[in-house]
Amino acid sequence: MASLQANNVSKIYNSGKDAVKALDDVSLTIGDQEFVSIVGPSGCGKTTLLRILDGLVEPTSGEILIDGSPVVGSGQDRGMVFQSFNLFPWRTVQENIEFGLEARGDDKSERAEIAKQHIEMVGLEGFGDAYPHELSGGMQQRVGLARALAIDPEILLMDEPFGALDAQTREIMQTELLKIWGENQKTAVFVTHDIDEAIYLSDRIIVLTDRPGQINRIEDVPIERPRYNKDVHAMDAFNELHDIIWDTLMVDTEQMEVTV
Ligand SMILES: Nc1ncnc2c1ncn2[C@@H]1O[C@H](COP(=O)(O)OP(=O)(O)OP(=O)(O)O)[C@@H](O)[C@H]1O
């Protein structure tokens, strides 16, 4: 079980000359095994929200609950993984994947076995001994995904994991993520700028909007059809969803950086 709840979460950054209000009174619930995407214009606070959910950033006010209990300390202790593609350059693919397993105390043979399975899972057989600089960007992203999944997190948090990929690799990775997800079914929160990607991947989309001086508005858009259905018969439903999300964003934002 792993549900995630944010109650009246606000964040003010005081690091620079001026205080920046990044999040204002955001409340949301993500159910156990739900795959939720968060979309919204640049700067509306998506990354801040994700980092607060993970315990990496302290909210100025409000609270985060996992399965109804307040999060104390880092989310990692609570079965959460924040996916990152920043691989250790001096470690091989296998050693990168083993890193989190080592931290949780798995012995050498367990680590090697789990790493091997996950290298295969993301289609990188034969690359276990390669170093990150020997891999393409897309392959490095696969390693990042394998590293996150190897720990078998209850909740996976992803911040634009496919943002830097070319269209073809992106589509391969989206399909791979859904396949892996179908087999493992854990709770996932996925931040993206890409409405289409959000519709393909998630059970529900949270549209986070932002108007200067006003509170964040949250709009829930459930996806009522099988995920990643590019079938032509689903196109009407797809377009309708796209319009709903687009309209929600348009109402609140004059300038957007949302990829469509
Ligand atoms: N460490 C920080 N110190 C000061 N201000 C910050 C910090 N991190 C984020 N901000 C500000 O908080 C606001 C929200 O930023 P955040 O990165 O959460 O938004 P975002 O929706 O993820 O943006 P993007 O889509 O461009 O990644 C922005 O105005 C940003 O400049």
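Me: How many residues does helix H5 have, and what span does it reach from its first C-alpha to its last?
Reply: This is a predicted model. In it, helix H5 covers residues 167-184. At 1.5 Å a residue, a span of 26 Å is expected. H5 comes close to that: its 18 residues reach 25 Å.

Me: Which residue just after H5 takes a positive phi?
Reply: Look just past the end of helix H5, which closes at residue 184. The phi there is positive, about 35°. The residue is Gln185.

Me: What is the order of the strands in the open sheet?
Reply: The sheet has four strands. Their pairing is antiparallel. The order is S2-S1-S4-S5.

Me: Why is one side of S2 and of S5 left without a neighbour in the sheet?
Reply: S2 and strand S5 (69-70) each have a single partner strand. So one side of each is left without a neighbour, because both stand at the edges.

Me: Over how many bridges do S1 and S2 pair?
Reply: Strand S1 spans residues 4-13 and pairs with S2 in the antiparallel sense. One facing pair is Lys11 opposite Leu23 in S2. The bridges between S1 and S2 number seven.

Me: Which helix packs on the sheet?
Reply: The helix touches S1, S2 and strand S4 (61-66). Its direction makes about 120° with that of S1. The helix is H1.

Me: Over how many bridges do S1 and S4 pair?
Reply: S1 and S4 run in the antiparallel sense. Ser10 stands opposite Ser61 in S4. The bridges between S1 and S4 number five.

Me: Which residue takes a positive phi in the hairpin of S4 and S5?
Reply: S4 and S5 run antiparallel, joined by two bridges. Ile66 stands opposite Ser69 in S5. The hairpin has two residues between the strands. The one with a positive phi, near 45°, is Asp67.

Me: Which element supplies the largest share of the shell around the ligand?
Reply: Strand S2 (20-30) and helix H1 (46-53) each supply at least two residues of the shell. The largest share is three residues. That share comes from H1.

Me: Which residues come nearest to the ligand?
Reply: The ligand has 13 residues around it. By class, four are nonpolar, eight polar and one charged. Those that come nearest are Tyr13, Ala22, Ser42, Thr47 and Thr48.

Me: In which element is confidence highest, and in which is it lowest?
Reply: The chain has a mean pLDDT of 81, and 84% of its residues reach 70 or more. Helix H3 (residues 108-121) has the highest confidence, at 93. The lowest, at a mean of 70, belongs to strand S6 (residues 80-83).

Me: Over which residues does pLDDT stay under 50?
Reply: The model as a whole scores ipTM 0.97 and pTM 0.82. One stretch stays under 50 in pLDDT. The model has 16 contacts for it beyond four places in sequence. The stretch is residues 253-260.

Conventions
Residues are numbered from 1 along each chain as its sequence is written. This is a predicted model: local features need pLDDT of at least 70, side-chain atom pairs count only at pLDDT 80 or more; totals for chains, interfaces and linings use all residues. A residue is near a molecule or strand if its C-beta atom, placed from the backbone, lies within 6 Å of it. Ala, Val, Leu, Ile, Met, Phe, Trp, Tyr, Cys and Pro count as nonpolar, Asp, Glu, Lys and Arg as charged, and the others, Gly among them, as polar. The expected span of a helix is 1.5 Å times one less than its number of residues. pLDDT is the predictor's confidence in each residue, from 0 to 100. Two residues are in contact if their C-beta atoms, placed from the backbone, lie within 7 Å. Two strands pair if DSSP finds at least two bridges between them. Axes are lines fitted to C-alpha atoms, for helices over the stretch in contact, and angles run from 0 to 180 degrees between N-to-C directions.
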